[in-house]
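User: I'd like to go through some helix labels and see what stands behind them. Can you take me through the reasoning?

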Amino acid sequence: MRGVLVLVPATLFAKIIGLFYKIPLLHIVGVEGMAYFLSAYHVYSLLFVLSASGLPTALSLLISRAVAGEERRGALRILRVAMLVFLTLGMGGTALLALFATSLASRLAMPEAAAALVAIAPALLLSAFNGGAKGYFQGRGNMLPTALAEVLEAGGKLGFGLFFATLAKKHNATVAEIAAAAILGITAGVFLSALLLLGALLISVLREKRKEVYRASGATHRALFAELFRVAFPITVSASVMSLVSLIDTALISARLQAAGFAAGVANAMYSSYGNLAVPLYNLVPSLLSPLALSLTPTLGAAFVTHDREGARTVFSSGVRIAALVSIPASLGLCVFSSPILSMIYVGQDAAVSVAAPLLSLLALGILPAALISLSGAALQASGHAAVPVLSMLTGACVKLLGEVILLRVPTVHIYGAPISTLACNLAVLIINFAVLSRVLPFRLFAGRDLFRPLFAAVLSVLAGGCGYVLAVRLGALALSMPLTLVLAVLAFVPLALLLHAVEESDLAALPAGEKICAILKKCMLLKEVKQDDKRGKIADDPAKERI
(Lines give C-alpha, C1' and ligand atoms only; values in the text may rest on other atoms or scores of the structure.)
Protein backbone atom coordinates (compact mmCIF):
# COMPACT_ATOMS: atom_id res chain seq x y z
CA MET A 1 0.00 0.00 0.00
CA ARG A 2 2.90 2.38 0.67
CA GLY A 3 4.24 1.69 -2.81
CA VAL A 4 0.82 2.17 -4.37
CA LEU A 5 0.20 5.42 -2.49
CA VAL A 6 3.53 6.81 -3.73
CA LEU A 7 3.18 5.65 -7.34
CA VAL A 8 -0.51 6.29 -8.05
CA PRO A 9 -0.39 10.12 -7.80
CA ALA A 10 2.74 10.19 -9.98
CA THR A 11 1.22 7.80 -12.50
CA LEU A 12 -2.02 9.79 -12.51
CA PHE A 13 -0.09 13.00 -13.13
CA ALA A 14 1.98 11.41 -15.89
CA LYS A 15 -0.99 9.83 -17.65
CA ILE A 16 -3.13 12.96 -17.46
CA ILE A 17 -0.26 14.95 -18.94
CA GLY A 18 0.16 12.30 -21.61
CA LEU A 19 -3.56 12.48 -22.39
CA PHE A 20 -3.89 16.26 -22.46
CA TYR A 21 -0.50 16.62 -24.13
CA LYS A 22 -2.12 15.27 -27.28
CA ILE A 23 -4.88 17.89 -27.29
CA PRO A 24 -2.72 20.89 -28.30
CA LEU A 25 -0.42 18.55 -30.20
CA LEU A 26 -3.36 17.43 -32.35
CA HIS A 27 -3.99 21.05 -33.31
CA ILE A 28 -0.31 21.68 -34.09
CA VAL A 29 0.56 18.44 -35.88
CA GLY A 30 -2.85 17.52 -37.31
CA VAL A 31 -4.54 14.14 -37.57
CA GLU A 32 -2.20 12.97 -40.35
CA GLY A 33 0.92 13.99 -38.44
CA MET A 34 -0.32 12.22 -35.33
CA ALA A 35 -0.50 9.01 -37.35
CA TYR A 36 3.26 9.33 -37.99
CA PHE A 37 3.80 10.18 -34.32
CA LEU A 38 1.84 7.12 -33.22
CA SER A 39 3.56 4.71 -35.62
CA ALA A 40 7.03 5.83 -34.46
CA TYR A 41 5.97 5.52 -30.83
CA HIS A 42 4.73 1.96 -31.40
CA VAL A 43 8.11 0.95 -32.85
CA TYR A 44 9.85 2.56 -29.88
CA SER A 45 7.49 0.79 -27.46
CA LEU A 46 8.25 -2.62 -28.95
CA LEU A 47 12.03 -2.12 -28.81
CA PHE A 48 11.73 -0.67 -25.31
CA VAL A 49 9.85 -3.76 -24.14
CA LEU A 50 12.43 -6.05 -25.70
CA SER A 51 15.38 -4.18 -24.16
CA ALA A 52 14.13 -2.81 -20.85
CA SER A 53 10.70 -4.09 -19.87
CA GLY A 54 11.07 -7.54 -18.33
CA LEU A 55 14.51 -6.85 -16.92
CA PRO A 56 13.40 -4.20 -14.37
CA THR A 57 10.77 -6.58 -13.00
CA ALA A 58 13.31 -9.39 -12.85
CA LEU A 59 15.80 -7.08 -11.16
CA SER A 60 13.22 -6.01 -8.56
CA LEU A 61 12.50 -9.66 -7.78
CA LEU A 62 16.19 -10.55 -7.39
CA ILE A 63 16.87 -7.45 -5.27
CA SER A 64 13.85 -8.11 -3.02
CA ARG A 65 14.99 -11.71 -2.48
CA ALA A 66 18.53 -10.56 -1.66
CA VAL A 67 17.25 -7.95 0.79
CA ALA A 68 14.85 -10.46 2.40
CA GLY A 69 17.83 -12.80 2.87
CA GLU A 70 19.97 -9.93 4.25
CA GLU A 71 22.41 -10.16 1.34
CA ARG A 72 23.09 -6.44 0.94
CA ARG A 73 26.40 -6.93 -0.85
CA GLY A 74 24.68 -9.42 -3.13
CA ALA A 75 22.05 -6.79 -4.01
CA LEU A 76 24.72 -4.35 -5.16
CA ARG A 77 26.39 -7.06 -7.21
CA ILE A 78 23.05 -7.85 -8.87
CA LEU A 79 22.66 -4.15 -9.69
CA ARG A 80 26.08 -3.98 -11.40
CA VAL A 81 25.40 -7.05 -13.51
CA ALA A 82 21.91 -5.86 -14.44
CA MET A 83 23.09 -2.38 -15.46
CA LEU A 84 25.66 -3.88 -17.81
CA VAL A 85 22.90 -5.87 -19.50
CA PHE A 86 20.47 -2.91 -19.57
CA LEU A 87 22.90 -0.47 -21.16
CA THR A 88 24.11 -2.99 -23.74
CA LEU A 89 20.56 -3.72 -24.89
CA GLY A 90 19.68 -0.03 -24.84
CA MET A 91 22.59 0.90 -27.08
CA GLY A 92 21.69 -1.91 -29.46
CA GLY A 93 18.08 -0.73 -29.68
CA THR A 94 19.11 2.89 -30.29
CA ALA A 95 21.50 1.89 -33.06
CA LEU A 96 18.91 -0.37 -34.68
CA LEU A 97 16.23 2.31 -34.68
CA ALA A 98 18.51 5.08 -35.95
CA LEU A 99 20.17 3.05 -38.73
CA PHE A 100 17.07 1.31 -40.07
CA ALA A 101 14.49 4.07 -39.58
CA THR A 102 13.76 4.45 -43.29
CA SER A 103 13.32 0.72 -43.82
CA LEU A 104 11.10 0.33 -40.75
CA ALA A 105 8.90 3.26 -41.75
CA SER A 106 8.43 1.82 -45.25
CA ARG A 107 7.43 -1.55 -43.84
CA LEU A 108 4.79 0.20 -41.73
CA ALA A 109 3.33 1.73 -44.91
CA MET A 110 4.21 5.18 -43.49
CA PRO A 111 7.59 6.22 -44.99
CA GLU A 112 7.05 9.77 -43.69
CA ALA A 113 7.50 8.45 -40.13
CA ALA A 114 11.27 7.86 -40.63
CA ALA A 115 12.25 11.23 -39.15
CA ALA A 116 10.14 10.56 -36.05
CA LEU A 117 11.87 7.18 -35.59
CA VAL A 118 15.29 8.85 -35.64
CA ALA A 119 14.13 11.49 -33.15
CA ILE A 120 12.97 8.93 -30.58
CA ALA A 121 15.91 6.52 -31.00
CA PRO A 122 18.11 7.94 -28.17
CA ALA A 123 15.23 7.45 -25.73
CA LEU A 124 15.83 3.68 -25.89
CA LEU A 125 19.27 3.91 -24.29
CA LEU A 126 18.05 6.37 -21.68
CA SER A 127 14.97 4.25 -20.92
CA ALA A 128 17.15 1.17 -20.48
CA PHE A 129 19.14 2.94 -17.76
CA ASN A 130 15.94 4.24 -16.17
CA GLY A 131 14.51 0.73 -16.10
CA GLY A 132 17.54 -0.60 -14.25
CA ALA A 133 17.43 2.16 -11.65
CA LYS A 134 13.68 1.77 -11.12
CA GLY A 135 14.01 -2.00 -10.76
CA TYR A 136 16.67 -1.56 -8.07
CA PHE A 137 14.60 0.91 -6.04
CA GLN A 138 11.38 -1.12 -6.44
CA GLY A 139 13.16 -4.23 -5.22
CA ARG A 140 14.14 -2.36 -2.08
CA GLY A 141 10.55 -1.18 -1.57
CA ASN A 142 11.40 2.45 -2.37
CA MET A 143 8.91 3.72 -4.97
CA LEU A 144 9.70 7.44 -4.55
CA PRO A 145 12.49 7.67 -7.21
CA THR A 146 10.25 5.89 -9.72
CA ALA A 147 7.38 8.28 -8.95
CA LEU A 148 9.54 11.40 -9.24
CA ALA A 149 11.09 10.14 -12.49
CA GLU A 150 7.66 9.55 -14.02
CA VAL A 151 6.51 13.05 -13.10
CA LEU A 152 9.67 14.65 -14.49
CA GLU A 153 9.52 12.58 -17.68
CA ALA A 154 5.88 13.51 -18.29
CA GLY A 155 6.53 17.19 -17.63
CA GLY A 156 9.52 17.21 -19.94
CA LYS A 157 7.57 15.45 -22.66
CA LEU A 158 4.81 18.03 -22.43
CA GLY A 159 7.02 21.12 -22.33
CA PHE A 160 9.69 20.11 -24.84
CA GLY A 161 7.26 18.32 -27.17
CA LEU A 162 4.97 21.32 -27.59
CA PHE A 163 7.94 23.70 -27.81
CA PHE A 164 9.72 21.70 -30.52
CA ALA A 165 6.52 21.13 -32.52
CA THR A 166 5.53 24.81 -32.36
CA LEU A 167 9.03 25.86 -33.37
CA ALA A 168 9.03 23.48 -36.34
CA LYS A 169 5.63 24.74 -37.51
CA LYS A 170 6.78 28.38 -37.30
CA HIS A 171 9.66 27.49 -39.62
CA ASN A 172 7.21 26.02 -42.18
CA ALA A 173 8.36 22.45 -41.66
CA THR A 174 6.52 19.57 -43.31
CA VAL A 175 3.93 17.52 -41.43
CA ALA A 176 6.43 14.66 -41.03
CA GLU A 177 9.08 17.03 -39.63
CA ILE A 178 6.61 18.56 -37.16
CA ALA A 179 5.68 15.06 -35.98
CA ALA A 180 9.39 14.29 -35.52
CA ALA A 181 9.89 17.49 -33.53
CA ALA A 182 6.92 16.61 -31.32
CA ILE A 183 8.21 13.12 -30.56
CA LEU A 184 11.64 14.56 -29.76
CA GLY A 185 9.97 15.86 -26.59
CA ILE A 186 9.70 12.26 -25.37
CA THR A 187 13.46 11.85 -25.71
CA ALA A 188 14.02 15.08 -23.78
CA GLY A 189 11.65 13.99 -21.00
CA VAL A 190 13.38 10.61 -20.65
CA PHE A 191 16.74 12.40 -20.46
CA LEU A 192 15.55 14.53 -17.53
CA SER A 193 14.26 11.49 -15.63
CA ALA A 194 17.57 9.68 -16.30
CA LEU A 195 19.50 12.52 -14.65
CA LEU A 196 17.23 12.32 -11.60
CA LEU A 197 17.55 8.54 -11.28
CA LEU A 198 21.32 8.69 -11.74
CA GLY A 199 21.64 11.06 -8.79
CA ALA A 200 19.29 9.00 -6.61
CA LEU A 201 21.13 5.78 -7.50
CA LEU A 202 24.55 7.19 -6.65
CA ILE A 203 23.28 8.45 -3.29
CA SER A 204 21.63 5.11 -2.47
CA VAL A 205 24.68 3.02 -3.40
CA LEU A 206 27.02 5.24 -1.37
CA ARG A 207 24.73 4.95 1.66
CA GLU A 208 24.58 1.18 1.36
CA LYS A 209 28.36 0.89 1.21
CA ARG A 210 28.70 2.85 4.45
CA LYS A 211 26.32 0.58 6.34
CA GLU A 212 27.19 -2.68 7.98
CA VAL A 213 27.62 -5.25 5.24
CA TYR A 214 25.53 -8.37 5.60
CA ARG A 215 26.58 -11.70 4.24
CA ALA A 216 26.98 -11.74 0.48
CA SER A 217 25.60 -14.22 -1.97
CA GLY A 218 28.14 -16.66 -3.30
CA ALA A 219 26.66 -16.48 -6.80
CA THR A 220 29.10 -15.69 -9.60
CA HIS A 221 28.51 -13.04 -12.25
CA ARG A 222 27.69 -15.78 -14.74
CA ALA A 223 25.10 -17.25 -12.36
CA LEU A 224 23.57 -13.81 -11.82
CA PHE A 225 23.39 -13.28 -15.59
CA ALA A 226 21.65 -16.62 -15.98
CA GLU A 227 19.20 -15.94 -13.13
CA LEU A 228 18.41 -12.45 -14.43
CA PHE A 229 17.61 -13.72 -17.90
CA ARG A 230 15.75 -16.74 -16.56
CA VAL A 231 13.36 -14.46 -14.71
CA ALA A 232 13.30 -11.66 -17.29
CA PHE A 233 12.86 -13.71 -20.47
CA PRO A 234 9.25 -14.84 -19.95
CA ILE A 235 8.28 -11.40 -18.62
CA THR A 236 9.83 -9.70 -21.64
CA VAL A 237 8.25 -12.10 -24.11
CA SER A 238 4.78 -11.74 -22.59
CA ALA A 239 5.07 -7.92 -22.58
CA SER A 240 6.55 -7.72 -26.07
CA VAL A 241 3.76 -9.79 -27.59
CA MET A 242 1.21 -7.05 -26.96
CA SER A 243 3.62 -4.32 -28.08
CA LEU A 244 4.21 -6.28 -31.25
CA VAL A 245 0.46 -6.53 -31.78
CA SER A 246 0.14 -2.75 -31.35
CA LEU A 247 2.90 -2.27 -33.90
CA ILE A 248 1.19 -4.63 -36.34
CA ASP A 249 -2.03 -2.65 -35.77
CA THR A 250 -0.25 0.38 -37.18
CA ALA A 251 0.11 -1.27 -40.57
CA LEU A 252 -2.73 -3.78 -40.39
CA ILE A 253 -5.66 -1.52 -39.52
CA SER A 254 -5.01 1.02 -42.25
CA ALA A 255 -4.22 -1.64 -44.85
CA ARG A 256 -7.30 -3.75 -44.05
CA LEU A 257 -9.54 -0.69 -44.10
CA GLN A 258 -8.20 0.26 -47.52
CA ALA A 259 -8.85 -3.30 -48.68
CA ALA A 260 -12.43 -2.88 -47.45
CA GLY A 261 -12.87 0.09 -49.82
CA PHE A 262 -11.83 3.11 -47.74
CA ALA A 263 -9.51 5.71 -49.28
CA ALA A 264 -5.99 5.88 -47.83
CA GLY A 265 -6.56 9.27 -46.21
CA VAL A 266 -9.83 8.16 -44.65
CA ALA A 267 -8.29 4.91 -43.38
CA ASN A 268 -5.36 6.79 -41.77
CA ALA A 269 -7.74 9.29 -40.18
CA MET A 270 -9.87 6.48 -38.73
CA TYR A 271 -6.78 4.75 -37.36
CA SER A 272 -5.52 8.03 -35.90
CA SER A 273 -8.89 8.71 -34.22
CA TYR A 274 -8.84 5.22 -32.74
CA GLY A 275 -5.18 5.24 -31.65
CA ASN A 276 -4.86 8.85 -30.48
CA LEU A 277 -8.30 9.48 -28.93
CA ALA A 278 -9.94 6.21 -27.86
CA VAL A 279 -6.94 4.04 -26.93
CA PRO A 280 -5.26 6.53 -24.51
CA LEU A 281 -8.45 6.85 -22.45
CA TYR A 282 -8.84 3.07 -22.45
CA ASN A 283 -5.22 2.64 -21.32
CA LEU A 284 -5.53 5.31 -18.63
CA VAL A 285 -7.11 3.16 -15.91
CA PRO A 286 -4.90 0.05 -16.38
CA SER A 287 -1.89 2.39 -16.38
CA LEU A 288 -3.04 3.99 -13.14
CA LEU A 289 -3.36 0.52 -11.64
CA SER A 290 0.09 -0.56 -12.83
CA PRO A 291 1.61 0.48 -9.45
CA LEU A 292 -0.41 -2.38 -7.95
CA ALA A 293 1.48 -4.88 -10.09
CA LEU A 294 4.81 -3.10 -9.49
CA SER A 295 4.31 -3.31 -5.72
CA LEU A 296 2.76 -6.77 -5.87
CA THR A 297 5.64 -8.52 -7.66
CA PRO A 298 8.51 -7.90 -5.17
CA THR A 299 6.15 -8.16 -2.17
CA LEU A 300 4.81 -11.53 -3.27
CA GLY A 301 8.32 -12.66 -4.20
CA ALA A 302 9.55 -11.88 -0.69
CA ALA A 303 6.48 -13.59 0.82
CA PHE A 304 7.16 -16.75 -1.17
CA VAL A 305 10.82 -16.77 -0.11
CA THR A 306 9.87 -16.45 3.58
CA HIS A 307 6.90 -18.87 3.20
CA ASP A 308 4.46 -16.21 4.38
CA ARG A 309 1.28 -17.70 2.92
CA GLU A 310 -1.11 -15.41 4.80
CA GLY A 311 0.81 -12.33 3.73
CA ALA A 312 0.71 -13.45 0.09
CA ARG A 313 -3.04 -14.11 0.27
CA THR A 314 -3.74 -10.73 1.87
CA VAL A 315 -1.68 -8.81 -0.69
CA PHE A 316 -3.20 -10.52 -3.72
CA SER A 317 -6.84 -10.41 -2.60
CA SER A 318 -6.51 -6.75 -1.61
CA GLY A 319 -5.00 -6.00 -5.01
CA VAL A 320 -7.97 -7.60 -6.78
CA ARG A 321 -10.45 -5.59 -4.70
CA ILE A 322 -8.64 -2.31 -5.35
CA ALA A 323 -8.45 -3.07 -9.08
CA ALA A 324 -12.19 -3.79 -9.16
CA LEU A 325 -13.07 -0.66 -7.17
CA VAL A 326 -11.23 1.54 -9.68
CA SER A 327 -11.72 -0.22 -13.01
CA ILE A 328 -15.40 -1.23 -12.81
CA PRO A 329 -16.86 2.29 -12.34
CA ALA A 330 -14.34 3.72 -14.81
CA SER A 331 -15.28 1.08 -17.38
CA LEU A 332 -18.99 1.69 -16.99
CA GLY A 333 -18.56 5.48 -17.05
CA LEU A 334 -16.42 5.49 -20.20
CA CYS A 335 -18.80 3.07 -21.90
CA VAL A 336 -21.89 5.21 -21.23
CA PHE A 337 -20.38 8.71 -21.53
CA SER A 338 -17.70 8.15 -24.19
CA SER A 339 -18.96 10.85 -26.56
CA PRO A 340 -19.36 13.73 -24.05
CA ILE A 341 -16.05 12.86 -22.36
CA LEU A 342 -14.14 12.93 -25.66
CA SER A 343 -15.95 16.13 -26.72
CA MET A 344 -14.98 17.75 -23.41
CA ILE A 345 -11.31 16.80 -23.84
CA TYR A 346 -10.86 17.26 -27.60
CA VAL A 347 -12.70 20.51 -28.24
CA GLY A 348 -13.10 21.32 -31.93
CA GLN A 349 -12.29 17.77 -33.13
CA ASP A 350 -15.90 16.77 -33.82
CA ALA A 351 -15.09 14.50 -36.77
CA ALA A 352 -12.44 12.56 -34.86
CA VAL A 353 -14.66 12.35 -31.76
CA SER A 354 -17.56 10.93 -33.79
CA VAL A 355 -15.30 8.10 -34.94
CA ALA A 356 -13.58 7.49 -31.59
CA ALA A 357 -16.60 7.61 -29.23
CA PRO A 358 -18.25 4.28 -30.16
CA LEU A 359 -14.81 2.66 -30.33
CA LEU A 360 -14.08 3.86 -26.79
CA SER A 361 -17.41 2.43 -25.58
CA LEU A 362 -16.34 -0.99 -26.83
CA LEU A 363 -12.80 -0.68 -25.51
CA ALA A 364 -14.08 0.30 -22.07
CA LEU A 365 -15.49 -3.20 -21.59
CA GLY A 366 -11.91 -4.52 -21.52
CA ILE A 367 -10.62 -2.26 -18.73
CA LEU A 368 -11.29 -4.67 -15.85
CA PRO A 369 -9.79 -7.69 -17.70
CA ALA A 370 -6.72 -5.58 -18.56
CA ALA A 371 -6.24 -4.60 -14.91
CA LEU A 372 -6.64 -8.19 -13.70
CA ILE A 373 -4.23 -9.43 -16.36
CA SER A 374 -1.53 -7.21 -14.86
CA LEU A 375 -2.19 -8.49 -11.34
CA SER A 376 -2.41 -12.15 -12.32
CA GLY A 377 0.78 -11.88 -14.38
CA ALA A 378 2.62 -10.38 -11.41
CA ALA A 379 1.37 -13.18 -9.15
CA LEU A 380 2.43 -15.87 -11.62
CA GLN A 381 5.88 -14.35 -12.04
CA ALA A 382 6.42 -13.97 -8.30
CA SER A 383 5.28 -17.55 -7.63
CA GLY A 384 7.77 -19.01 -10.10
CA HIS A 385 5.35 -19.67 -12.98
CA ALA A 386 6.61 -16.93 -15.29
CA ALA A 387 6.12 -19.08 -18.41
CA VAL A 388 2.33 -18.97 -18.04
CA PRO A 389 1.95 -15.25 -18.92
CA VAL A 390 4.00 -15.91 -22.05
CA LEU A 391 1.61 -18.63 -23.15
CA SER A 392 -1.47 -16.59 -22.32
CA MET A 393 -0.15 -13.46 -24.07
CA LEU A 394 0.75 -15.42 -27.18
CA THR A 395 -2.72 -16.93 -27.19
CA GLY A 396 -4.30 -13.52 -26.72
CA ALA A 397 -2.17 -12.02 -29.50
CA CYS A 398 -3.29 -14.75 -31.90
CA VAL A 399 -6.92 -14.14 -30.95
CA LYS A 400 -6.54 -10.39 -31.50
CA LEU A 401 -4.75 -10.62 -34.83
CA LEU A 402 -7.09 -13.27 -36.16
CA GLY A 403 -10.07 -11.17 -35.13
CA GLU A 404 -8.69 -8.08 -36.86
CA VAL A 405 -7.79 -9.91 -40.05
CA ILE A 406 -11.34 -11.22 -40.29
CA LEU A 407 -13.36 -8.27 -38.97
CA LEU A 408 -11.58 -5.22 -40.42
CA ARG A 409 -12.41 -6.23 -43.97
CA VAL A 410 -16.12 -6.68 -43.23
CA PRO A 411 -17.76 -3.45 -44.55
CA THR A 412 -20.37 -3.35 -41.76
CA VAL A 413 -17.74 -3.82 -39.03
CA HIS A 414 -14.53 -2.19 -40.40
CA ILE A 415 -12.74 -0.17 -37.64
CA TYR A 416 -14.94 -1.68 -34.90
CA GLY A 417 -13.04 -4.92 -35.43
CA ALA A 418 -10.07 -3.40 -33.56
CA PRO A 419 -11.77 -2.89 -30.15
CA ILE A 420 -13.77 -6.11 -30.48
CA SER A 421 -10.58 -8.12 -31.05
CA THR A 422 -8.88 -6.30 -28.13
CA LEU A 423 -11.69 -7.35 -25.79
CA ALA A 424 -11.50 -10.95 -27.02
CA CYS A 425 -7.72 -10.91 -26.52
CA ASN A 426 -8.02 -9.66 -22.92
CA LEU A 427 -10.61 -12.27 -22.01
CA ALA A 428 -8.51 -15.09 -23.48
CA VAL A 429 -5.40 -14.00 -21.54
CA LEU A 430 -7.33 -13.55 -18.30
CA ILE A 431 -9.01 -16.97 -18.48
CA ILE A 432 -5.66 -18.74 -18.92
CA ASN A 433 -3.92 -16.77 -16.14
CA PHE A 434 -6.63 -17.33 -13.55
CA ALA A 435 -7.10 -20.96 -14.51
CA VAL A 436 -3.44 -21.61 -13.70
CA LEU A 437 -3.42 -19.39 -10.61
CA SER A 438 -6.37 -21.24 -9.13
CA ARG A 439 -4.28 -24.43 -9.24
CA VAL A 440 -0.85 -23.22 -8.15
CA LEU A 441 -1.70 -20.81 -5.32
CA PRO A 442 -2.71 -22.39 -1.98
CA PHE A 443 -5.53 -19.94 -1.32
CA ARG A 444 -8.72 -18.70 -2.92
CA LEU A 445 -7.96 -15.95 -5.42
CA PHE A 446 -10.95 -13.74 -4.65
CA ALA A 447 -14.63 -13.96 -3.78
CA GLY A 448 -17.42 -13.17 -6.22
CA ARG A 449 -18.59 -10.35 -4.00
CA ASP A 450 -15.29 -8.55 -4.65
CA LEU A 451 -16.56 -7.92 -8.20
CA PHE A 452 -20.35 -7.81 -7.81
CA ARG A 453 -20.42 -5.26 -4.98
CA PRO A 454 -18.40 -2.59 -6.82
CA LEU A 455 -20.38 -3.37 -9.99
CA PHE A 456 -23.68 -2.68 -8.22
CA ALA A 457 -22.27 0.53 -6.69
CA ALA A 458 -20.95 1.60 -10.12
CA VAL A 459 -24.32 1.06 -11.81
CA LEU A 460 -26.10 3.20 -9.21
CA SER A 461 -23.44 5.93 -9.32
CA VAL A 462 -23.49 6.11 -13.13
CA LEU A 463 -27.28 6.42 -12.99
CA ALA A 464 -26.87 9.32 -10.55
CA GLY A 465 -24.33 10.94 -12.86
CA GLY A 466 -26.62 10.38 -15.84
CA CYS A 467 -29.46 12.19 -14.08
CA GLY A 468 -27.14 15.13 -13.48
CA TYR A 469 -26.09 15.10 -17.13
CA VAL A 470 -29.67 15.12 -18.43
CA LEU A 471 -30.59 17.92 -16.02
CA ALA A 472 -27.60 20.06 -17.05
CA VAL A 473 -28.36 19.57 -20.76
CA ARG A 474 -32.00 20.51 -20.31
CA LEU A 475 -30.99 23.64 -18.41
CA GLY A 476 -28.64 24.56 -21.25
CA ALA A 477 -25.45 24.23 -19.21
CA LEU A 478 -23.61 22.13 -21.79
CA ALA A 479 -20.17 23.27 -20.65
CA LEU A 480 -20.87 22.04 -17.11
CA SER A 481 -22.77 18.89 -18.04
CA MET A 482 -19.82 16.46 -18.12
CA PRO A 483 -17.91 17.85 -15.11
CA LEU A 484 -21.17 17.76 -13.12
CA THR A 485 -21.75 14.17 -14.21
CA LEU A 486 -18.27 13.07 -13.11
CA VAL A 487 -18.57 14.80 -9.73
CA LEU A 488 -21.99 13.30 -9.01
CA ALA A 489 -20.86 9.82 -10.06
CA VAL A 490 -17.78 9.91 -7.81
CA LEU A 491 -19.68 11.38 -4.86
CA ALA A 492 -22.30 8.66 -5.22
CA PHE A 493 -19.84 5.78 -5.70
CA VAL A 494 -17.74 6.30 -2.56
CA PRO A 495 -20.56 5.97 0.02
CA LEU A 496 -22.28 3.27 -2.04
CA ALA A 497 -19.07 1.19 -2.11
CA LEU A 498 -18.81 1.52 1.67
CA LEU A 499 -22.50 0.75 2.29
CA LEU A 500 -22.29 -2.34 0.10
CA HIS A 501 -19.07 -3.42 1.91
CA ALA A 502 -17.04 -3.43 -1.31
CA VAL A 503 -14.11 -2.17 0.79
CA GLU A 504 -12.56 -4.20 3.62
CA GLU A 505 -10.80 -2.96 6.71
CA SER A 506 -7.42 -4.26 5.51
CA ASP A 507 -7.73 -2.12 2.36
CA LEU A 508 -7.98 1.07 4.44
CA ALA A 509 -5.79 0.23 7.44
CA ALA A 510 -2.53 0.76 5.51
CA LEU A 511 -3.51 4.28 4.42
CA PRO A 512 -2.22 7.33 6.32
CA ALA A 513 -4.38 7.60 9.45
CA GLY A 514 -6.00 4.37 8.28
CA GLU A 515 -6.90 3.10 11.73
CA LYS A 516 -8.71 6.34 12.58
CA ILE A 517 -10.56 6.22 9.26
CA CYS A 518 -11.63 2.64 9.94
CA ALA A 519 -12.82 3.54 13.45
CA ILE A 520 -14.95 6.41 12.14
CA LEU A 521 -16.44 4.29 9.36
CA LYS A 522 -17.29 1.52 11.81
CA LYS A 523 -19.15 3.95 14.04
CA CYS A 524 -21.11 5.13 11.01
CA MET A 525 -21.86 1.48 10.08
CA LEU A 526 -20.07 1.97 6.76
CA LEU A 527 -17.26 -0.55 7.28
CA LYS A 528 -17.88 -4.23 7.78
CA GLU A 529 -16.05 -6.21 10.45
CA VAL A 530 -14.24 -9.15 8.84
CA LYS A 531 -14.37 -12.46 10.66
CA GLN A 532 -11.15 -14.32 11.25
CA ASP A 533 -12.32 -17.27 9.17
CA ASP A 534 -13.01 -14.98 6.24
CA LYS A 535 -9.55 -13.42 6.56
CA ARG A 536 -7.86 -16.75 6.16
CA GLY A 537 -9.58 -17.52 2.87
CA LYS A 538 -9.97 -20.93 1.42
CA ILE A 539 -6.84 -23.02 1.87
CA ALA A 540 -6.32 -26.05 -0.30
CA ASP A 541 -6.61 -29.44 1.38
CA ASP A 542 -3.89 -30.96 -0.79
CA PRO A 543 -0.73 -31.24 1.39
CA ALA A 544 1.38 -30.40 -1.65
CA LYS A 545 -0.35 -27.00 -1.81
CA GLU A 546 0.36 -26.18 1.82
CA ARG A 547 3.75 -24.83 0.71
CA ILE A 548 4.42 -21.75 -1.38
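Analyst: Sure, starting with a term: buried means under 20% relative accessible area, exposed over 50%, and partly exposed in between (1.4 Å probe, protein chains only). This is a predicted model, where local features need pLDDT of at least 70, side-chain atom pairs count only at pLDDT 80 or more, and totals for chains, interfaces and linings use all residues. Residues are numbered from 1 along each chain as its sequence is written, and side-chain values use heavy atoms, leaving out hydrogens and water.

User: Which residues of α19 are buried?

Analyst: Ser481, Met482, Thr485, Ala489, Ala492, Phe493, Ala497 and Leu498. Helices here are DSSP runs (H or I, at least four residues), numbered from the N terminus.

User: What makes α6 mostly covered?

Analyst: In α6, 16 of its 18 residues are buried. Gly141, which follows α6, has a positive phi near 80 degrees.

User: Why are α14 and α17 called roughly parallel?

Analyst: The axes of α14 (residues 350-364) and α17 (residues 417-440) cross at roughly 5 degrees and come within 9 Å. That angle makes α14 roughly parallel to α17; the label covers angles under 35 degrees. Axes are lines fitted to C-alpha atoms over the stretch in contact, with angles running from 0 to 180 degrees between N-to-C directions.

User: Which residues meet there?

Analyst: Leu359, Leu362 and Leu363 in α14 meet Pro419, Ile420 and Thr422 in α17, contact being heavy atoms within 4.5 Å.

Terms used: Helices (H or I, at least four residues) and strands (E, at least two) are DSSP runs, numbered from the N terminus. Angles under 35 degrees count as roughly parallel, over 145 as roughly antiparallel, 65 to 115 as roughly perpendicular and the rest as oblique.
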